[in-house]
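Look at the sequence and the model shown here. The report then describes how two elements pack and what lines a pocket.

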Amino acid sequence: MAKSESIALTADPGDLDDFDVSEAGVAAALADRAARRRVGRPAGSNKEQVALRIDKDVLARWRASGAGWQSRMNEALRRAAP
């Protein structure tokens with residue numbers, strides 16, 4: 001199992017019987033992991049990550065405009081598109 005696919009189960013290292021994990025315990029740990037796994041763009045998003053070179057001063061001004069600067073930049077690019 002790859003490291004990114006591993007799950008953590010609570011166990012008492014002083015109790016040798018504690019390492020005999022039941023199916024219910026594994027299922028609960030997998031369900032908990034799936035609930036916490038939601039990262040990145042939501043399903044069905046129409047966004048695409050790209051690498052784009054922008055002058056440092058221009059990028060600094062967008063970032064200085066506060067939270068949501070990427071969405072505002074996206075909207076400005078949309079309006080400027082032919």
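The text below covers a helix pair first and a pocket second.

The model is predicted, so local features need pLDDT of at least 70 and side-chain atom pairs count only at pLDDT 80 or more, while totals for chains, interfaces and linings use all residues. Residues are numbered from 1 along each chain as its sequence is written, and side-chain values use heavy atoms, without hydrogens and water.

Two packed helices are described by the angle between their axes and the distance between the axes. Helix 2 spans residues 56-64 and helix 3 spans residues 69-80; their axes lie 8 Å apart at an angle of about 120°. Helix 2 and helix 3 are therefore oblique to each other (neither under 35 degrees, over 145, nor 65 to 115). The crossing of helix 2 over helix 3 is right-handed.

In the contact (heavy atoms within 4.5 Å), Leu59, Trp62 and Arg63 of helix 2 meet Trp69, Arg72, Met73 and Ala76 of helix 3.

The largest pocket holds about 730 Å³ of space. Its lining has 17 residues (an atom within 4 Å of a pocket point). Glu48, Gln49, Val50, Gln70 and Asn74 lie nearest the centre of the largest pocket. Helix 3 gives the largest share of this lining, seven residues.

The table sorts both sets of residues by class.

| Set | Nonpolar | Polar | Charged |
|---|---|---|---|
| Contact of helix 2 with helix 3 | five residues | no residues | two residues |
| Lining of the largest pocket | seven residues | five residues | five residues |

Conventions. Axes fitted to C-alpha atoms, helices over the stretch in contact; angles between N-to-C directions. Helix = DSSP H or I, 4+ residues; strand = E, 2+ residues; numbered from the N terminus. Left-handed = near helix turned anticlockwise from the far one by under 90°. Nonpolar A, V, L, I, M, F, W, Y, C, P; charged D, E, K, R; others polar. 1 Å grid on protein atoms, 1.4 Å probe; cavity = no way out; pocket = protein on both sides within 12 Å on 5 of 7 lines; lining within 4 Å. Points joined across faces, edges and corners; volume = space filled by probe spheres on them.
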